Structures are given as structure tokens and as C-alpha cells.
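Visitor: Hi, I've just pulled up a new model. Could you walk me through it?
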Amino acid sequence: MADVECKREHDTVGVWSAVLAERQRADITAHRADYEAARRNLATLRANVRSALADR
């Protein structure tokens, strides 16, 4: 119980979340081309799956 109260008092989850979000933003900024390539690949994959399912 004390652990939960302490985490609430110090907003531990909020701090963790904010730090993780900042680290993710920094990583995306540093590797933008890689993330954009992955997004394009996923879009292609999804389009291929939709097409294959539509042909059934």
C-alpha cells in the first residue's frame, strides 16, 4: 500500500511516461529515414494482404 501511495505522490508513472516519450521522439528524429522506410514497408504489406483477401 505504501508503495502505491508513494508512486501516486511522486507521479512515478507520469514521469516514466514523459521520459519514455521524450526518448522515443529523440530516436525518431535521429532515425527518421529508417522509420519512414518501415512505415512504407508496412503500408505495402497491408495493401498486399488486403488485395490477397479481396481475391478470395
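**Walking through the model**

Guide: Happy to! From the N terminus on, the protein chain runs α-α-α. Keep in mind that this is a predicted model.

Visitor: How many helices and strands does the protein chain have?
Guide: The count is three helices and zero strands.

Visitor: And what is the radius of gyration of the protein chain?
Guide: The protein chain has 20 Å, whereas a compact globule of 56 residues would have a value near 10 Å. Along the principal axes, the C-alpha atoms fill a box of roughly 60 × 30 × 10 Å.

Visitor: What share of the residues counts as buried?
Guide: Just 2% of the 56 residues, where buried means under 20% relative accessible area. The accessible surface of the protein chain is about 5300 Å², and carbon and sulfur atoms account for 57% of that surface.

Visitor: Switching to charges: how many positive and negative side chains are there?
Guide: There are 10 positive and 9 negative side chains in the protein chain. The centres of the two sets lie 10 Å apart.

Visitor: Now the backbone. Which residue has a positive phi although it is not a glycine?
Guide: That is Asp-11, with a phi of about 50°. Most residues other than glycine have a negative phi.

Visitor: Where is Asp-11 found?
Guide: Asp-11 sits in the loop between helix 1 (2-9) and helix 2 (12-30).

Visitor: Why does Asp-11 count as partly exposed?
Guide: Because its relative accessible area is 45%, and partly exposed covers the range between under 20% for buried and over 50% for exposed.

Notes:
Residues are numbered from 1 along each chain as its sequence is written. This is a predicted model: local features need pLDDT of at least 70, side-chain atom pairs count only at pLDDT 80 or more; totals for chains, interfaces and linings use all residues. Side-chain values use heavy atoms; hydrogens and water are left out. Helices (H or I, at least four residues) and strands (E, at least two) are DSSP runs, numbered from the N terminus. The radius of gyration is taken over C-alpha atoms; the globule rule is 2.2 Å times the number of residues to the power 0.38. Buried means under 20% relative accessible area, exposed over 50%, partly exposed in between (1.4 Å probe, protein chains only). Accessible areas come from the Shrake-Rupley method with a 1.4 Å probe; for residues, only the protein chains shown count as cover. Lys and Arg count as positive and Asp and Glu as negative; His and the chain ends are not counted. The place of a charge is taken as NZ of Lys, CZ of Arg, CG of Asp or CD of Glu.
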